[in-house]
There are 2 protein chains.
Amino acid sequence: MSRIVCGVDLGGTQTKIGIVDEQGEIILKRIIETRVGDRSETIVSRIAETISSVIKEVNVDRDTVLGVGIGSPGSIDRENGVVLFSPNFPNWRNMELKRRIEEKTGLKTFLENDANAFILGEWAFGEHAGCDHMIGITLGTGIGGGVIAAGKLLIGADGFGGELGHIIVEPDGPTCGCGSHGCVESIASAPSIGRLAKEMRKRFPNSKMFESGPQPSTKQVFQAATQGDEAARLVLERVYRALSLAIGNYIHIFNPRYVVLGGGVSRAGEPLLNGIRKCVERFTMSSFKGTYEIILSQLFEDAGIKGAASIVFYKFS
Amino acid sequence: MSRIVCGVDLGGTQTKIGIVDEQGEIILKRIIETRVGDRSETIVSRIAETISSVIKEVNVDRDTVLGVGIGSPGSIDRENGVVLFSPNFPNWRNMELKRRIEEKTGLKTFLENDANAFILGEWAFGEHAGCDHMIGITLGTGIGGGVIAAGKLLIGADGFGGELGHIIVEPDGPTCGCGSHGCVESIASAPSIGRLAKEMRKRFPNSKMFESGPQPSTKQVFQAATQGDEAARLVLERVYRALSLAIGNYIHIFNPRYVVLGGGVSRAGEPLLNGIRKCVERFTMSSFKGTYEIILSQLFEDAGIKGAASIVFYKFS
């Protein structure tokens, strides 16, 4: 039988746990609630119990289980498997997730940040699996980045590499959560798109974006733009420009074959993709023409579990 | 005896050729003229003859000569050792430098672009030789970049990676030679600094920068700033901001230990370094504090030969 991995996609409201085989098929999947208010001991125990139970359920020889891969948002220490800080669990500080899960399950456990897990998922199971030169960008509450360069995950001297969301695209732009100004995250993350939309209210009080309230969702902004709404178009123009400038920079730096977009905002699909593709050319030297493709992840809602599982497949590759 | 390499630093007015040993010592050095107007055959023959003559002169066993490393500006095809295009030799197109030098010298020859050769020189023989996470930036007629990530030279899917000079730092800034706007090269290369200085003439006709003419050199701009000249200070503030924003981006992306500056503009030394160091903090997340150092290359005028030789030492490492 093919070797299998348990992938854990750690989220602030729910955690997805699944058994993934070497072909990237999810054999079994469980979703458990992870309430931010719960004690960390409770959360970790529930995760460990679910891991053990799904592994029992698939009923395989223990030797075929390569290990557990956990994709976590926030700042991690991958060497020691510690979540240093997570936006999803504000009361977690230096949480030794690897050690605790290993103790409870007896399985070798590996931790990686969620954006790196995302690109590892693409490298292992995505549309262009096996490509040695890929960049992943997760567009969600924040903007995360992961880079495969020459077949290796880029991690940097201290493991902090790949912070693609904090490339500065508007030097005099909005203050970013990181303290800097005009990072791509401060313009193109889901909350930033919402904020830009809200700022349009004075000028465009009758915009379709505000049909169900003063604070439109990303989805509502894209919908309004599709319907020809001028305010929504202006918001998205700025978002596309920010993303394209950032992606142009990544292309000059990495000369990747694929730039893969994932995360909640990427569900906007074709309009987003077309907006970026058109704009990226303006920010890219002509010698790069034809060398790259900007695409949407095809792993959809299973990207998290598959990415988490890929952490382990990558380790053993 | 230690193995040796012949390093060739190909320049538009002169080419430096030297024998470098494994410790990075230059055993013998020759400088030959390379006139842009000369036929390519003449230039290549002169280089090959000089290589053969210096190797003969050091009088070593042929087996100790690892090969020839050539650092070339412009666009190269490293696999085939072809200079696709060089700003220094406008009439070179797809010049098969590797094949020609190998035929004439009988020595294995490797070609790399000069910015990559620069960071390989730092990796092999610089102040922090052996460091696996380093970025090199050459500040000259253009701005070049080279990246060592996890001990490997970053080259990308088609060998175009590491184009650090074309990071956009002023989205509405000056047109760059590459066709884009506000690349760091369009503000902080030597010709760009000269252009920014010249633009100050109307507002500051009595600036010290213009004491010897309307078109000050980079050196004159730095000198004037040291003497408290306001116009020069304004020019350099913009240059420091551009470089710092770019370097801040590289730090987020690569999490390097060292950012090494080289090239003609870096001869400005401490003022440049201090200007950048102060400004980079504004553009960098606090979690990166203390993880990086911005330094000047200590290889000085031999950086070219040593970098070129390092191409070969890296190949055999």
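How many residues does the contact take from chain B and from chain A? In this predicted model, chain B supplies 38 residues to the contact and chain A supplies 37 residues. On the side of chain B that touches chain A, helix α7 (residues 230-254) of chain B gives the most, with six residues. By class, that side of chain B has 18 nonpolar, 15 polar and five charged residues.

The two chains are related by symmetry. A turn of 180 degrees with a shift of 0.0 Å along the axis lays chain B on chain A with an RMSD of 0.0 Å. This is the relation of a two-fold axis. Of the interface residues of chain B, 97% are also interface residues in chain A, so the copies meet through the same surface.

Within chain B, helix α6 (residues 218-226) has the buried residues Thr218(B), Gln220(B), Val221(B), Phe222(B), Ala224(B) and Ala225(B). The buried residues of α6(B) pack against three helices of chain B, listed here.

| Helix packed against α6(B) | Residues |
|---|---|
| α5(B) | 190-198 |
| α7(B) | 230-254 |
| α8(B) | 270-280 |

After α6(B) comes Gly228(B), whose phi is positive, near 85 degrees.

A further helix pair in chain B consists of α3 (residues 114-125) and α9 (residues 303-315), which pack at an angle of about 75 degrees with their axes 7 Å apart. The helices α3(B) and α9(B) are therefore roughly perpendicular to each other. Residues in α3(B), including Phe118(B), Leu120(B) and Trp123(B), meet residues in α9(B), among them Ile311(B), Phe313(B) and Tyr314(B). The residues of this contact divide into 11 nonpolar, three polar and one charged.

Technical notes. Residues numbered from 1 in each chain as written. Chains lettered and ligands numbered in written order. Predicted model: local features only at pLDDT ≥ 70, side-chain atom pairs only at ≥ 80, totals over all residues. Contact = placed C-beta atoms within 7 Å. Helix = DSSP H or I, 4+ residues; strand = E, 2+ residues; numbered from the N terminus. Nonpolar A, V, L, I, M, F, W, Y, C, P; charged D, E, K, R; others polar. Buried ≥ 20, exposed ≤ 12 C-beta atoms within 10 Å, placed from the backbone. Least-squares fit on C-alpha atoms with pLDDT ≥ 70 in both. Axes fitted to C-alpha atoms, helices over the stretch in contact; angles between N-to-C directions. Parallel < 35°, antiparallel > 145°, perpendicular 65-115°, else oblique.
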